[in-house]
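Let us take a walk through this structure together. Keep the 3D view open beside you, and turn it as we go.

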Amino acid sequence: MQLLLHLQFQILGTLKKVLFNFLLTKIVTLLKFPESLSLFALFGLKLMDLLEYQAKELFRQMGIPVLPSQRIDRPTDLKGLRIPFPIVLKSQVYIGARGKVGGIRFAENTIDAIAAAQAIFHLPILGKYPKVLLAEAKYNPDREFYLAVTLDSATRCPVLLGSQYGGIEVEAHLQHMRQVIVDQEFSPFYARRLALKMGLQGKLIASVSAVIEKMYRLLVDRDLDLVEINPLAVSANEELMALDGKVTVNDAALGRQPSLAALVAAIPNQPNPNPIACGVNIVELEGDIGVLCSGAGLTMATLDLLQKAKGKPANFVDLGGDYRHCCPPNVLQERLKQGLDLITQTKGVKVIVINILGGVASCLQVAEAIAAFLKWQAVNRQVPPLVVRLVGDQFHAARNLLAAIDVPVFESTDEAIAHTMALVTENANVTGKRSASLMLASA
Amino acid sequence: MNFACYQKILVYGIAEPLGALYVPKMVAYPTPIVAGVSPGYGGQTIEGIPVFDLIEQAVEVVGAIDAAVFFVPPYEVLDAALEAIAAEIRQLIIVTEGVPPLDMVKLLREAETTETLIVGPNSPGIIVPGQILLGTHPAYCYQPGSVGLISRSGTLTYEVALELTRAGIGQSIAVGIGGDQILGSSLQQWLQILEEDDRTEAIVLIGEIGGESEEMAARYISEAIDKPVVAYIAGSTLPKGQPVGHAGAVIAAKIAGLGVEIGTAESKRLAFEQAGIPVADRPSKVPKLVQQALERLGRDRG
């Protein structure tokens, strides 16, 4: 067996080397679609980017060169500016390419700066207004590099990325992007290896690898998912300056990074900074079937099957969280109630399908929770018909309990889906007839 | 790697809420849990299992341990797992969700030098139907047989196992590799383990959108796996930009951005088809495809 394991590790090693072209594709889109990040606040799993001024504060603490800058909360703050003109004013939003829409402006004096700040504060970028601006000394780079440190789940190692073609050119020159896998304990030679792969020479080898090393330490010290500097400005005399930066916080580690948690908590419109919280999340779609399942895989499979049967999910809730410490599975019943409550609050839900499998609660316990929800809801509002799929201990008792309140229970997902679709069709026919008779009446 | 013949299993975090919920089910299976570890609970007995403060104390009393299952809170996983490796346990199953990725990077470096197999985190673990349960798989979904299941999901593994069981097709082993961002073992590692497992005749691979692990697995199968493989992929109709649940899928999708071919159900289905692997369009189709694969195998042998 030891030999077998040994072989596997060897295979893994070879795979690591072969599979790295995937990473390039990843980076393209990391650059292309920074706005996509906001879409991932689902299921208690959040990807949190710090704002630029927060990222730069971390850079400063690490000794990564950044320009003198000042946080601007309101235009009048510019009267007390401590950095010399000319300055750059930058909208602090999570969206890339803010420069193209006017989120970055230059100013030569206080009057211009206040006017520019007012304009930026009133400029929505993809619907979001900045709460904060960053005033920064103006800098004229000779060249711009790209640097990043991130984690790769395929190789299960940190990776260093770099290109001599940074700034907005990085996409067009992706073939110049170089990468180094940190497959053992980090040592600065990994950073030098990247600098050389990037084609750097002379004193830039030492200065750029020093920045990479600091980025790596930042990633490790603060449990981050990504540290990116783009552009890293290079002056005519080869001095370096991080002009823009991105830091992505790791949700799972936030609980042991109190200073980061405080930063994240200060960001407007950010989800709960608690690491992997126990809350139930709903995802809204556009159909008429409510979906509640246990576990991400089963949720996806159930949504797929509904769509295959020409059903249209209105929303879905994944109870999940069986292995979360803050949320042991014995609170499944409570989470089920919360989930149903969220689903029934969505307008236009005609049928709700519940698909529960595994976990420590018996079928009867789940059925009791459903019955309790219906009883509680009967007082407040009408609940659409439910279709339930359960498997396991005390199935028959559960089925009898729910049958008594007209909730059908099935043992297979396919059956539950078929019954759900029958109800949707029936509902459509009833509504069709109703509107037909309405038309008749109005005629 | 014959999990079924394991005699001595240790549960780390036996006094934790998760341990308290799942240990009775493991004991009932019956899994030979000979020791529990929960610092501060040494000397107590939980579910008839002696509890120790430190793994090495347990080893002194019960002897060498074959595998350990972890229910400790996420920030304690790295330390507990390193303690297990130091006590020469070479199979670790981490059930806990939300282990910081950099802890996993550190742990995997240690695992690689000691040739330790790690399953998880955020994993239902391993079940050898009728023999042993190293994790949280619900026993009622499984029956002994010759089909191996490898999955990125927990509940979807149970779903596919249940369909196989109802169709009269038993399973040799089922493993959920876990849903966190950085995982101890990959689909490829498990494909290799099942390829070499004498009791496994066919393999079912259960994938989902996000990341590139299915694409990598498909390539590995065409290069290194001789046993028939059937696949199922969940998430084909999920709107773009809405990855579900598993951190691995979410993070990978984030880095992969939107609109990229890698990571979609379509890209995974294509990868499997190019490798000659039939892909079921729903869990209930898996048994039929497995049946056909086994029949082909029978004909080839005959």
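What follows starts with chain B as a whole, then moves to its strands and helices, and ends with a sheet and some backbone details. Please keep in mind that this is a predicted model.

Begin by zooming out on chain B. Its secondary structure comes to ten helices and 14 strands. The C-alpha trace spans about 55 × 45 × 30 Å along the principal axes. Is the radius of gyration what a compact globule would have, or not? For 302 residues, such a globule would come near 19 Å, and chain B has 19 Å, so the two agree. Burial adds to this picture: 61% of the 302 residues in chain B count as buried. Contacts can also be sorted by how far apart the partners are in the sequence. Among contacts in chain B with a separation of 6 or more, 72% come from residues 24 or more positions apart.

Now zoom in on strand S1 of chain B, residues 9-12. Which strands does S1(B) pair with? One partner is strand S5 (residues 67-70) of chain B, joined in the parallel sense over four bridges, and here B:Ile9 stands opposite B:Ala67. Another is strand S2 (residues 33-37) of chain B, again in the parallel sense and over four bridges; in this pair B:Tyr12 has B:Val37 as its bridge partner. Both faces of S1(B) are covered as well: B:Ile9 and B:Val11 on one side are buried, and so are B:Leu10 and B:Tyr12 on the other.

Staying in chain B, look for helix H6 (residues 187-195) and helix H7 (residues 213-224), whose axes come within 9 Å and cross at roughly 30°. The crossing is right-handed. H6(B) contributes B:Leu187, B:Gln188, B:Leu191 and B:Gln192 to the contact, while H7(B) brings B:Ser213, B:Met216, B:Ala217, B:Tyr220, B:Ile221 and B:Ala224. Sorted by class, these are seven nonpolar and three polar residues, with no charged ones.

Chain A offers a sheet to compare. Four of its strands form an open sheet in the order S2-S5-S3-S4, with antiparallel pairing. At the edges sit strand S2 (69-72) and strand S4 (104-107) of chain A, each pairing on one side only. From one strand to the next, the twist averages 25°. Within this sheet, strand S3 (residues 87-91) and strand S5 (residues 133-137) of chain A are linked by five bridges in the antiparallel sense, and A:Val88 stands opposite A:Glu136 in S5(A). Helix H3 (residues 52-62) of chain A packs on the sheet and touches S2, S3 and S5 of chain A, its direction making about 145° with that of S2(A).

Finally, some backbone details. Most residues other than glycine have a negative phi, and most peptide bonds are trans. Where are the cis bonds to look at? One runs from A:Asn230 to A:Pro231, with omega near 5°, and A:Pro231 lies in strand S9 (residues 224-234) of chain A. Another joins B:Gly120 and B:Pro121, with omega about 5°; B:Pro121 is in the loop between strand S7 (117-119) and strand S8 (125-128) of chain B.

As for phi, A:Asp223 has a positive value of about 55° although it is not a glycine. This residue lies in the loop between helix H6 (203-221) and S9 of chain A, and A:Asp223 counts as buried because it has 20 C-beta neighbours inside 10 Å. A:Gln394 also has a positive phi, near 60°. With 16 C-beta neighbours inside 10 Å, A:Gln394 counts as partly exposed.

Notes. Residues numbered from 1 in each chain as written. Chains lettered and ligands numbered in written order. Predicted model: local features only at pLDDT ≥ 70, side-chain atom pairs only at ≥ 80, totals over all residues. Axes fitted to C-alpha atoms, helices over the stretch in contact; angles between N-to-C directions. Helix = DSSP H or I, 4+ residues; strand = E, 2+ residues; numbered from the N terminus. Left-handed = near helix turned anticlockwise from the far one by under 90°. Contact = placed C-beta atoms within 7 Å. Nonpolar A, V, L, I, M, F, W, Y, C, P; charged D, E, K, R; others polar. Pairing = 2+ DSSP bridges. Rg over C-alpha atoms; globule rule 2.2 N^0.38 Å. Buried ≥ 20, exposed ≤ 12 C-beta atoms within 10 Å, placed from the backbone.
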